[in-house]
Protein chains: 2
Amino acid sequence: MSSQWMDKLVIPSQAKMVFLIMDGLGGLPMEGKPGTELETAITPHLDALARGGVCGLLDPIAPGITPGSGPAHFALFGYDPVDNNVGRGLLSAAGLDFPMTERDLFMRVNFATVDSEGRVTDRRAGRIDTETNERLCRKLAEGIRPASGTEVFFATEKEHRALIVLRGDNLREEIAETDPQKTGLPPLSPKALIPEAAGTANQLTDLLNQARTVLADEPKANMMLLRGYSRYHRFEPMSERFGLSPLAIASYPMYRGISRLLGMTVHAPTSTLEEEIAALETAWPDYDFFFVHVKPTDSRGEDGDFDAKVKAIETVDALIPRITALSPDVLVVTGDHSTPAALASHSWHPVPVVLSAKTCRPDRAERFGEGDCLFGGLGRMSMSSLMTVALAHAGRLTKFGA
Amino acid sequence: MSSQWMDKLVIPSQAKMVFLIMDGLGGLPMEGKPGTELETAITPHLDALARGGVCGLLDPIAPGITPGSGPAHFALFGYDPVDNNVGRGLLSAAGLDFPMTERDLFMRVNFATVDSEGRVTDRRAGRIDTETNERLCRKLAEGIRPASGTEVFFATEKEHRALIVLRGDNLREEIAETDPQKTGLPPLSPKALIPEAAGTANQLTDLLNQARTVLADEPKANMMLLRGYSRYHRFEPMSERFGLSPLAIASYPMYRGISRLLGMTVHAPTSTLEEEIAALETAWPDYDFFFVHVKPTDSRGEDGDFDAKVKAIETVDALIPRITALSPDVLVVTGDHSTPAALASHSWHPVPVVLSAKTCRPDRAERFGEGDCLFGGLGRMSMSSLMTVALAHAGRLTKFGA
C-alpha cells in the first residue's frame with residue numbers, strides 16, 4: 001500500500017542520512033517584525049548549510065492544506081499522507097508500544113466530566129493528572145465485561161487522554177466520534193457510519209454504558225469520549241522500501257508511534273535536545289538513517305510566543321556543529337509543517353527545507369529562511385518527494401530506465 | 001465526480017472572497033518592448049497587492065498545455081479541468097440558461113455556406129448577424145421533424161453560432177464533428193465513434209439532411225456544422241463542495257454558463273467593467289464568494305494589440321481600490337490563461353497570480369508582473385490548487401489528520 005515504483009530503484013549503500021525535524025518550523029512575521037521566526041533567529045550554522053546545500057519549500061499534503069503532525073511525518077518519510085491517513089488511535093497505540101494484532105480496533109479516549117443529566121461540563125475532566133488516569137484505566141479494565149469473543153484493553157497516555165483497544169472479529173472503524181465538541185451537550189452516540197459497522201457500534205455503546213457505571217463515583221472523570229478510531233494497518237517498513245536501517249530519536253509518543261509503524265528502531269526517550277544529539281552521536285555507527293525530532297519549535301508556535309520560538313530555533317542551530325562533525329552524507333533540516341506564532345496553530349504555509357550533501361547544485365539561498373528558500377534549488381516541492389531526493393544525494397538510487 | 005478529499009475539511013465561515021479574473025492576463029514581450037503587457041502597464045494598485053500579498057504563477061492544465069477558457073475556468077474554481085472536460089455544447093446550453101434534462105444531448109452549430117455540389121465555401125456563413133440566426137433557428141424548429149420519442153431544440157448564440165439540443169433516450173456524445181475545418185470540402189458525417197453511438201449518429205444524419213432541405217433557399221446559411229457534443233453532466237456545486245454562496249459577475253455566455261454549472265448565482269449582464277464593480281458593491285452583503293470576469297484583456301490579446309491590452313489592464317488597476325474598500329478577506333487577481341498579444345492567441349505560458357489576505361507570508365515580489373511572480377511565495381502551482389489556498393487564507397479549512 002505504501003510502496004511506490006521508485007522503491008525499485010533503491011541500491012545498497014553505506015551512506016548515512018540525518019533528518020533533523022523541527023516540528024512546526026515554518027512561520028510568519030508578527031507584530032511588525034519584518035521576518036518570520038526562522039528569519040529572525042540568529043542561525044549561523046543553518047545559514048552555512050543553506051549556502052553550501054540546496055534549499056526549498058515543502059507542501060506537506062497539498063497547497064493550502066494544514067496538516068496534523070501525523071500525516072506530515074508520513075510525508076517526510078516518503079509515505080503518501082493521504083493514502084496513509086490512519087486514525088489517531090493507531091498512532092497512539094504505536095506510541096505506547098501496545099502489542100497490536102490484526103483483530104484490533106484502536107481508539108483514543110478523552111476522560112470528561114458530565115453533570116447529573118449527562119451533559120458534558122468539561123471535555124477534559126479538569127485535565128486530571130496522569131496518575132489518576134492510570135488508576136482509572138485499571139478500574140475500567142477490572143469493571144468492564146466485553147461481549148463474548150471480544151477483549152478490551154485500556155492504556156494511559158497523559159493527563160485526560162488514554163487509549164482503548166477492542167480486540168475481536170469483524171470490528172470496523174467507520175464509527176462516529178462521541179465528543180460533542182462543546183460543553184452543555186450530552187456525548188454523541190458511537191453511530192455506525194456504514195451498515196457493516198453496526199455490530200461494532202453496538203459493542204461500543206454497551207462499553208460506554210458500562211464505563212458510565214464504573215466511573216459514576218468519580219468526581220471529575222465520570223465519562224469517556226471516543227475518537228480517532230482505527231483498525232490495524234501495516235506499513236511497508238523503511239528497511240524494505242529504502243534499504244535503510246533507521247533510528248528514531250523522538251520523545252513524544254505520537255512521533256515514536258509513527259516511527260515504530262514505519263519500522264524504525266525507537267531510541268529511549270530523552271529530556272533535552274542536547275540529550276537527543278548525544279544519543280545520535282552514540283548510535284552513529286549502528287544505523288544509517290536518523291530521525292531527530294525537535295518539539296519546542298511547534299510548542300512555542302502553538303503558544304503564540306514568537307520570541308520563544310526564535311530561541312528554540314537558535315538552540316537547535318547551536319547544536320548543528322555536533323551533527324556536521326559526524327559527517328553525514330545527507331543532512332536534511334526542515335519541519336513537518338508550519339506553526340506560525342502569529343496564528344498560534346498549525347498552518348498551510350509551505351515549510352522551509354535545507355538539504356546538505358556533496359552533490360548539491362548551488363542555488364541563490366544565502367540564509368536558511370522562508371524568503372531565501374524561495375530561491376532554493378529544490379523549488380517548491382511536495383513533502384513526500386523529499387525522501388526520494390535525499391536518497392538520491394545519498395547515492396542510494398539507481399537510474400530509472402535504460 | 002468533482003468532489004475531493006479536501007472538501008471534507010471545509011468549515012463554516014463568514015469570510016468573503018473575491019476572484020477577479022482578467023481573461024488571458026499572461027503575456028509576452030513584443031516588438032522590442034522589454035516587458036509583458038502586465039509588466040508594461042502602470043498598475044500601482046496591483047503592485048501594492050503584490051507587495052502585501054503573495055504572488056505566483058499558475059499552470060491552468062499542465063505545463064505546456066494551452067487551455068480553452070472553459071477548462072481554465074474549471075481549474076480556477078477548483079474543479080479538475082481534465083476530469084471535467086465537458087463538450088462545448090453543454091457550456092453553451094448553460095450559458096443560454098437552457099432548461100436541461102438528463103436525456104439531453106447538447107451540440108454547437110456553426111451555420112455555414114455550401115456550394116451546389118455540397119462543398120463548404122464559408123465555415124461561418126459570412127458571419128451572418130444575430131437576427132438572421134434567430135430567424136434560422138425558428139425556421140429549423142418549425143421545419144424539422146425528429147424521430148419518434150425525440151425532441152429537438154434550437155437556440156441562437158451569436159452571429160453564426162447556435163445551440164442544438166436533442167432530447168431522447170440513450171443518446172451518446174461519442175460522435176465525430178462535421179466541420180471539415182477548411183473550405184472546398186463537404187461537411188463530414190456525424191459518425192459514431194463507438195458502436196453504442198450508432199443510433200445517435202443515425203438520428204443526427206437524418207437531422208442534418210432535413211436541415212439541408214429547410215435551409216436550401218438561404219443565400220448564406222444553407223448548412224449546419226456540428227461540434228462540441230456533450231451529454232448532461234452534473235457538477236457538485238460550490239455550495240456543497242466549499243460551503244460558499246457564490247455570485248458570478250460575467251457577461252459572456254460561456255462564463256455565465258460555467259458559473260451556472262458550478263451552482264453560482266449569475267448576475268444580470270453588465271456592459272462595462274465599471275458596472276461589474278458597481279454590481280459587486282451592491283451584492284456585497286448577500287454572497288461570500290464573488291467571481292468577477294474581465295474579458296477585454298483576452299480580446300485585445302487575441303487582436304494582437306499589445307498597447308490596447310496594456311490599457312485594458314490599467315483600466316482594471318484603476319478600479320482595484322473600489323474592491324479593496326470592501327475589505328474582502330481574500331482577494332485573488334489572476335487570469336484563466338495567457339493570451340500574449342505577440343501570439344494573438346491563447347498560450348501555454350503560466351499565468352501570474354496575486355493573493356491578498358492577512359495571513360500572507362512575505363515574498364520577494366515587488367510588482368505584479370510575470371517576472372516578479374517568479375519570486376512569489378505561491379511558487380509555480382497548478383491552477384486547480386488555487387481555490388484550496390484561497391479557502392485556507394479565508395479560514396475556511398480545518399486541519400487534515402491529527
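User: In this predicted model, how are α2(B) and α11(B) oriented to each other, roughly parallel or oblique?
Analyst: In the predicted model, helix α2 (residues 44–52) of chain B packs against α11(B) with axes 7 Å apart and an angle of about 55°. Angles under 35 degrees count as roughly parallel and 65 to 115 as roughly perpendicular. The angle of about 55° is in neither of these ranges, and α2(B) and α11(B) are therefore oblique.

User: Which residues of α11(B) meet α2(B), and how does the contact divide by class?
Analyst: From α2(B), the residues taking part are Pro44(B), His45(B), Leu46(B) and Leu49(B), and they meet Asp317(B), Ala318(B), Ile320(B), Pro321(B) and Thr324(B) in α11(B). By class, the contact of α2(B) with α11(B) has six nonpolar, two polar and one charged residues.

User: How are α9(B) and α11(B) oriented to each other, roughly parallel or oblique?
Analyst: Helix α9 (residues 273–283) of chain B and helix α11 (residues 306–324) of chain B have axes that come within 11 Å and cross at roughly 15°, and the crossing is right-handed. Because angles under 35 degrees count as roughly parallel, α9(B) and α11(B) are roughly parallel to each other.

User: How many charged residues are there in the contact of α9(B) with α11(B)?
Analyst: On the α9(B) side the contact is made by Leu273(B), Glu274(B), Ile277(B), Ala278(B), Leu280(B) and Glu281(B), while α11(B) brings Thr315(B), Val316(B), Leu319(B), Arg322(B) and Ile323(B). When these residues are divided by class, seven are nonpolar and one is polar, and the number that are charged is three.

User: What is the handedness of the crossing in which α3(B) passes α8(B)?
Analyst: Helix α3 (residues 69–76) of chain B packs against helix α8 (residues 253–261) of chain B at an angle of about 40°, with the axes 10 Å apart, and that makes α3(B) oblique to α8(B). The residues in contact are Ser69(B), Gly70(B), His73(B) and Phe74(B) of α3(B), together with Met254(B), Tyr255(B), Ile258(B) and Leu261(B) of α8(B). By class there are five nonpolar, three polar and no charged residues in this contact, and the crossing itself is right-handed.

User: Which three residues supply 64% of the area that domain 1 of chain A buries against domain 2 of chain A?
Analyst: Chain A is divided into domain 1 (5–85 + 235–393) and domain 2 (91–231), and the C-alpha centres of these domains lie 34 Å apart. Nine residues of domain 1 are in contact with five residues of domain 2, and the two domains bury about 580 Å² between them, 70% of it on carbon and sulfur atoms. On the domain 1 side, the three residues that supply 64% of the buried area, more than any other three, are Pro253(A), Arg260(A) and Leu261(A).

User: Which residues of chain B lose the most area to chain A?
Analyst: The contact takes 26 residues from chain B and 36 residues from chain A, and the area buried between the chains is about 2200 Å², of which carbon and sulfur atoms give 67%. Together accounting for 35% of what the chain B side buries, the residues that lose the most area are Arg361(B), Phe400(B) and Ala402(B).

Technical notes. Residues are numbered from 1 along each chain as its sequence is written. Chains are lettered from A and ligands numbered from 1 in the order in which they are written. This is a predicted model: local features need pLDDT of at least 70, side-chain atom pairs count only at pLDDT 80 or more; totals for chains, interfaces and linings use all residues. Side-chain values use heavy atoms; hydrogens and water are left out. Axes are lines fitted to C-alpha atoms, for helices over the stretch in contact, and angles run from 0 to 180 degrees between N-to-C directions. Helices (H or I, at least four residues) and strands (E, at least two) are DSSP runs, numbered from the N terminus. Angles under 35 degrees count as roughly parallel, over 145 as roughly antiparallel, 65 to 115 as roughly perpendicular and the rest as oblique. A crossing is left-handed if the near helix is turned anticlockwise from the far one by less than a right angle, and right-handed if clockwise. Contact means heavy atoms within 4.5 Å. Ala, Val, Leu, Ile, Met, Phe, Trp, Tyr, Cys and Pro count as nonpolar, Asp, Glu, Lys and Arg as charged, and the others, Gly among them, as polar. Domain bounds come from an automatic or database domain assignment. Buried area is the accessible area (1.4 Å probe) that two parts lose on being put together, summed over both.
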